[in-house]
Amino acid sequence: MNAHPKLGRRQFLQTSAAAGGVLALGFDSLGNIVSAAEEAPKPAASPFGPKLFETWLRFNPDNTITLVSGEVEFGQGVSTGLATLVAEELDADFPQMRVVQSDGNPVYANPGTHTISTNSSASTRNRYDQMRKIGATGRALLVQAAANQWKVPTTEINISKGVVSHAASKRTATFAQLAPAASNLPIPTEVVMKDPSQWSLVGRPDIVRMDIVEKCTGRARYGVDVHVPGMVHAAVMKSPVLGGSVKSLDATQAKAKKGVKDVLNLGFGVAVIADDEWTARNALQSVKVVWDDGKWANLNSEQLSADYHEALNTTQGKLAKNTGDVDAAAKAPGAKVVEAEYTLPYLHHTLMEPPNSCVWVHDGICEVWTPNANTTNVLRAMAYLTGLPQDKVKIYRTPYAGGSFGRRGRTETEVEAVVISQKIGLPVHVLHSREEDLTHSFNRPYTKTRLRASIDPSGNLTGWYQKIACQDINETGLTEVTWPGTVDMATIRADGAKISQLYNLGYDFFAANASPVTPPYNTVPNIHVETVPMVGPVGVSHWRSVAKSGGIYIMESFVDELAEAAKMDPIAFRRKVFANNPRALAVLDRIVKETNWQPVTWGKKPDGNGWGIGYADMGYGAMGAIAVQVSVDAKKKMQIKRIVSVTDQGVTVNPDITHAQVQGGIIDGISSTMYGQITLKNGRVQQSNFGDYRLLTLREAPPIESILIDSKERPGSMSEMSTPLTIAPLTNALYQATGQRIRELPLTKAGFSI
């Protein structure tokens, strides 16, 4: 993968059958124009229609404007946000905008991550300048075309709501009318983008999401809706014991069922191939399998907990940060030392659309239809398993994906589909059942963390020691590609190191990312953080905000313990730590104002009522605080009475979408705090569907107030912000209300209910 490839001029101009009248602008992944316009060629032949996705922006004959998005729309509103930035600089009327998904061409790589992947909260913050420049360049070409046609200076041309006009002569034109002439103009080397004071679309709360009509009318198409001529369906079953394999199977009954094409022993599982998904899934139940349970057959959650605790006691971790001397800080005269150990469970993603994909290996190419969020991973996986170069792997990204939260970076359905397609020579669609996904998923890692901090007599946080035991997400990336037995992790890891520096750090970046290695507590003068890599059969991967989803809970709960030891109000204690951080202080000031925060008096007898606070700097140009108010009765039944969120994400492109992100993230946070856990018994995952992996219900959902601070900074991240920020305020509030400090989740383990 080349991070900054250049495409030829003609490639950018391959469009639909009406391309002769279409102005198509091509840009590289940094927003630089890489080709001048020329007469558009006819579309290239393709087994599945013309290649429509070779350009970033097209002005269509019907006066609509098509933006080709390199980001996957899985409900976060990215299509609307990116289209808004383009339309703003174009001076287009927003209803003109259309968005289509890009293919796997490396030109669509995110300019920050250098991968074709929707992750790391990188869409808006990394494409902010890129999208604006695309819109501004389109506007400049249209203005020049109008000026040439009407023989007037460009300074006299105006564009408003998609109409190009010349006031003195009262002439007007649409974008579509000017597109043929504009397509023959040289691309300007420099364009001027608007000052924020001139914006008419960015920041407006009434810009309606582009996907809302299709989703509300059922016209939206997801990976589960993919249909390729000649396609068959495969249902896959893996060993009930994690890490097990097929010893033998009897498929006589399954093969006798009408519509069943074949039954395959994949080694890591069994696949039934049939004319339709329903037939395949039902026939799968009649396959008689004898499993080799493997080495994890006796693993239980209790043993897992004990093993992690022992690792914290005896295993030397990998050093992530060591500044100053934490031991000396703890031994300083008058220092108070606070110690704690926190435990986080495995967490599942519970996507509404379970993992699925369609793969067809034929005629020297591999074609993939997928809702996967990480096209770079798919390209790598398919190339490994087919032996084809990546330019022979064709990725067709579905218009929508039914949720992600980090889950859609894994490629197991693509792996299963490509293995089966190579065996049978047909396009194969694999859709996991809810049960298959829950019992054999890639979860947020189980984690134990040990902390020790010191406070001087003036209440200053002087030292922070943290040791984190969990499975290393980075080191287990793409493990699913090893299942067929033809690729080893050494190859995957070596190639991964070429793509991401995270492989070369020498410690678990994601685990340490929720510690004083990163803001806001990295200003503590004495810090020691180390990570202990654990090994286990449960697949692990990114979960909404990755390690921060649990790490911020740990840090912000522990900071509350430190505030109590210092006999300081929790907000006052944080203000002391953030004294040189004006954005953080502004967030805390606003939360105090919005909640009418009353300073906490430590040591008073709990009366069943309490407020809790938490703060986070996500490291993605956004920061925020959440306060939670609860009341709890004698039976530990709690009512979440009020949640107040204050966020500074810099420029807000669409406030309505941002508030939805905040609200949805908070619901996710409460849900995982109350109920979320994947547990093991005899090597088997005990949860299998929503009946035993509970989510928050509408009746349980609290009132949520979302406040945005416009700090005029560049856009930061929102999709990962509120989920981790909700957990500690809730548990801190419970401590105020009951006197019980929660150091292990979920809350049901401590007897709480809503």
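Good morning, colleagues. I begin with a hairpin: strands β20 and β21 form it, with five residues between them, and Gly459 in the turn has a positive phi of about 85°. Please keep in mind throughout that the model on the screen is a predicted one.

Let me stay with this hairpin for a moment. Its two strands, β20 and β21, run antiparallel and are joined by nine bridges. If you wish to find one of these bridges, take Arg450, whose partner in β21 is Lys467. Strand β21 also has a second partner, namely β22, which covers residues 526-533; here the pairing is parallel and extends over eight bridges. Along that pairing, Gly463 stands opposite Asn526 of β22. As a general remark, the strands of a sheet pair through backbone hydrogen bonds, and they may do so in the parallel or the antiparallel sense.

How many of the residues of β21 are buried? The count is 10 of 10, and the strand is accordingly described as mostly covered.

The same region brings us to the cavities. In general, empty space between atoms is revealed by rolling a probe the size of a water molecule over them. This structure holds five cavities of 30 Å³ or more. The largest cavity has a volume of about 160 Å³. Its lining comprises 19 residues, and those closest to the centre are Thr447, Cys470, Phe510, Ala511 and Ala547. Which elements give two or more residues to this lining? They are both strands of our hairpin, β20 (447-455) and β21 (461-470), together with the helices α14 (509-512) and α15 (548-565).

Following the chain on from α14, we reach an unusual peptide bond. Pro520 is placed in the loop between α14 and β22, and the bond that leads to Pro520 from Pro519 is cis, with omega near 10°. A cis bond also joins Leu745 to Pro746, with omega at about 5°. Pro746 belongs to the segment after α19, the helix of residues 722-738.

I now turn to another sheet. It is open, has seven strands and mixed pairing, and its order reads β10-β11-β8-β18-β15-β16-β17. The edges are formed by β10 (260-265) and β17 (393-397), each of which pairs on one side only. On average, neighbouring strands in this sheet are turned by 20° against each other, with direction ignored. Within the sheet, β15 (residues 356-362) and β18 (residues 428-431) are antiparallel partners over four bridges. One residue to locate here is Ser357, whose bridge partner in β18 is Val430.

Two helices lie across strands of this sheet. The helix α10, residues 375-386, lies across β15, β16 (365-370) and β17, and runs at about 145° to β17. The helix α11, residues 412-424, lies across β8 (232-238), β10, β11 (269-274), β15, β16 and β18; its angle to β15 is about 30°.

Just ahead of β15 in the chain is a loop that deserves a brief stop. Thr350 is located in this loop, between β14 (336-344) and β15. Its phi is positive, near 50°, although Thr350 is a residue other than glycine. Lys151 is likewise not a glycine, and has a positive phi of about 55°. The loop that holds Lys151 connects α3 (123-150) and β5 (157-160). Are these two residues buried or exposed? Thr350 has a relative accessibility of 11% and therefore counts as buried, the cut-off being under 20%. Lys151, by contrast, has a relative accessible area of 74%, so it is exposed, for which the value must be over 50%.

My final stop is Arg209, in the loop between α4 (175-182) and α5 (212-217). Because its relative accessibility is 19%, and buried means under 20%, Arg209 counts as buried. What surrounds Arg209, apart from its neighbours within four places in sequence? Its contacts are Glu73, Gly75, Gln76, Gly77, Thr80, Lys215 and Ile657. The side chain of Arg209 also makes a polar contact of 2.8 Å with the side chain of Asp211. Finally, Arg209 and Asn654 are 445 residues apart in sequence, yet their C-alpha atoms are 9.2 Å apart in space.

That concludes the presentation. Thank you for your attention.

Key: Residues numbered from 1 in each chain as written. Predicted model: local features only at pLDDT ≥ 70, side-chain atom pairs only at ≥ 80, totals over all residues. Heavy atoms only, no water. Pairing = 2+ DSSP bridges. Axes fitted to C-alpha atoms, helices over the stretch in contact; angles between N-to-C directions. Contact = heavy atoms within 4.5 Å. Buried < 20%, exposed > 50% of the residue type's maximum accessible area, 1.4 Å probe, protein only. Polar contact = N/O pair within 3.5 Å; in protein donor to acceptor, adjacent residues only side chain to side chain. 1 Å grid on protein atoms, 1.4 Å probe; cavity = no way out; pocket = protein on both sides within 12 Å on 5 of 7 lines; lining within 4 Å. Points joined across faces, edges and corners; volume = space filled by probe spheres on them.
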